[in-house]
Amino acid sequence: QVRLVESGGGLVQAGGSLRLSCAASGRTFSSYVMAWFRQAPGKEREFVAHISRSGGPTYRADSEKGRFTISRDNAKNTVYLQMNSLKPEDTAVYYCAADSSGPSSWYGDYHLWGQGTQVTVSS
């Protein structure tokens, strides 16, 4: 049974950095496309980035592009989201997600989800 658990969130000042981790159970991690989504206060859940089975990243064409880096370590069953130059508008609950099909920026395409980790960026 595959489970996803996010960690690494917290409170940082604007301009700071955080590295989020999503640990997956099981032996089939490498077969999943992994993604990060976030949900900010008063907003719908939105796509942040996804990464292919071979490690190819895709980012949304928004302000976080160029500041965020998604990566994966299949040997550790873990996907990461490195976030630099954080802004208050990055404040959200960040979720990792997995799917055994092709990559997608729509949350409805993902059938495995973590519980989320809170990222708060203060000014």
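The following exchange goes through a predicted model and asks what supports each label given to its parts.

User: How do you know that Cys-22 and Cys-96 form a disulfide?

Analyst: The sulfur atoms of Cys-22 and Cys-96 are 1.9 Å apart. The cut-off is 2.5 Å, so the pair counts as a disulfide. A search of the whole structure finds one such link. With 50° about the S-S bond, the link is right-handed.

User: Which parts of the chain does this disulfide link?

Analyst: Cys-22 belongs to strand E3 and Cys-96 to strand E9, 74 residues apart, and the pair is described as linking distant parts of the chain.

User: Why is Cys-22 called buried, and what about Cys-96?

Analyst: Buried means under 20% relative accessible area. Cys-22 has 0%, so the term applies. Cys-96 is likewise at 0% and therefore counts as buried.

User: What makes up the largest nonpolar core?

Analyst: This core has 28 residues. Those with the most contacts inside it are Leu-4, Met-34, Trp-36, Val-79, Leu-81, Met-83 and Tyr-94. The strands that each supply at least two residues of this core are E3 (18–24), E4 (33–39), E5 (46–51), E7 (68–73), E8 (78–83), E9 (92–99) and E11 (117–122). A second, separate core has six residues, among them Val-33, Ala-35, Phe-37 and Tyr-110.

User: Which residues is Leu-4 in contact with, leaving aside its neighbours within four places in sequence?

Analyst: The contacts of Leu-4 include both disulfide cysteines, Cys-22 and Cys-96. Also among them are Ala-23, Ala-24, Met-34, Ala-97 and Ala-98. Leu-112, Trp-113, Gly-114 and Gln-115 are in contact with Leu-4 as well.

User: Why is the pair of Phe-37 and Phe-47 called edge-to-face?

Analyst: The planes of the two rings are at 70°, and the term needs over 60, so the pair is edge-to-face. The ring centres are 5.7 Å apart, which is within the 6.5 Å required for a pair. Phe-37 is in strand E4 and Phe-47 in strand E5, 10 residues apart. Both Phe-37 and Phe-47 are buried.

User: What makes the pair of Trp-106 and Tyr-107 tilted?

Analyst: The angle between the planes of Trp-106 and Tyr-107 is 45°. Stacked needs under 30 degrees and edge-to-face over 60, so this pair falls to the remaining class, tilted. The centre-to-centre distance is 6.2 Å. Tyr-107 has 35% relative accessibility and therefore counts as partly exposed.

User: How many aromatic pairs does the structure hold, and which residues do ring pairs link into a cluster?

Analyst: There are six aromatic pairs. The cluster consists of Phe-37, Phe-47, Tyr-95, Tyr-110 and Trp-113.

User: How do you know that Arg-45 lies over the face of Tyr-107?

Analyst: Arg-45 is 4.3 Å from the ring centre of Tyr-107, and the distance limit is 6 Å. Arg-72 is likewise placed over the face of Phe-29, at 4.6 Å from the ring centre.

User: Why is E5 described as largely enclosed by the rest of the structure?

Analyst: Five of the six residues of E5 are buried, so the description follows.

User: How do you know that E5 pairs with E4 and with E6?

Analyst: At least two bridges are needed for a pair. E4 and E5 have five, in the antiparallel sense, and E5 and E6 (residues 57–59) have three, also antiparallel. Ala-49 of E5 stands opposite Trp-36 and opposite Tyr-59 in E6. The E4–E5 hairpin has six residues between its strands, and Gly-42 in the turn has a positive phi of about 75°. In the E5–E6 hairpin five residues lie between the strands, and Gly-55 in the turn has a positive phi of about 105°.

User: Where are Asn-77 and Ser-85, and are they buried or partly exposed?

Analyst: Asn-77 is in the loop between E7 and E8, and its phi is near 55°, a positive value in a residue other than glycine. Its relative accessible area is 16%, under the 20% limit, so Asn-77 is buried. Ser-85 lies in the loop between E8 and E9, with a positive phi near 50°. At 42%, between the limits of 20% and 50%, Ser-85 therefore counts as partly exposed.

Key:
Residues are numbered from 1 along each chain as its sequence is written. This is a predicted model: local features need pLDDT of at least 70, side-chain atom pairs count only at pLDDT 80 or more; totals for chains, interfaces and linings use all residues. Side-chain values use heavy atoms; hydrogens and water are left out. A nonpolar core is a set of buried Ala, Val, Leu, Ile, Met, Phe, Trp, Tyr and Cys residues joined through side-chain atoms within 4.5 Å. Buried means under 20% relative accessible area, exposed over 50%, partly exposed in between (1.4 Å probe, protein chains only). Helices (H or I, at least four residues) and strands (E, at least two) are DSSP runs, numbered from the N terminus. Contact means heavy atoms within 4.5 Å. A charge sits over a ring if NZ of Lys or CZ of Arg is within 6 Å of the ring centre and within 35 degrees of the ring normal.
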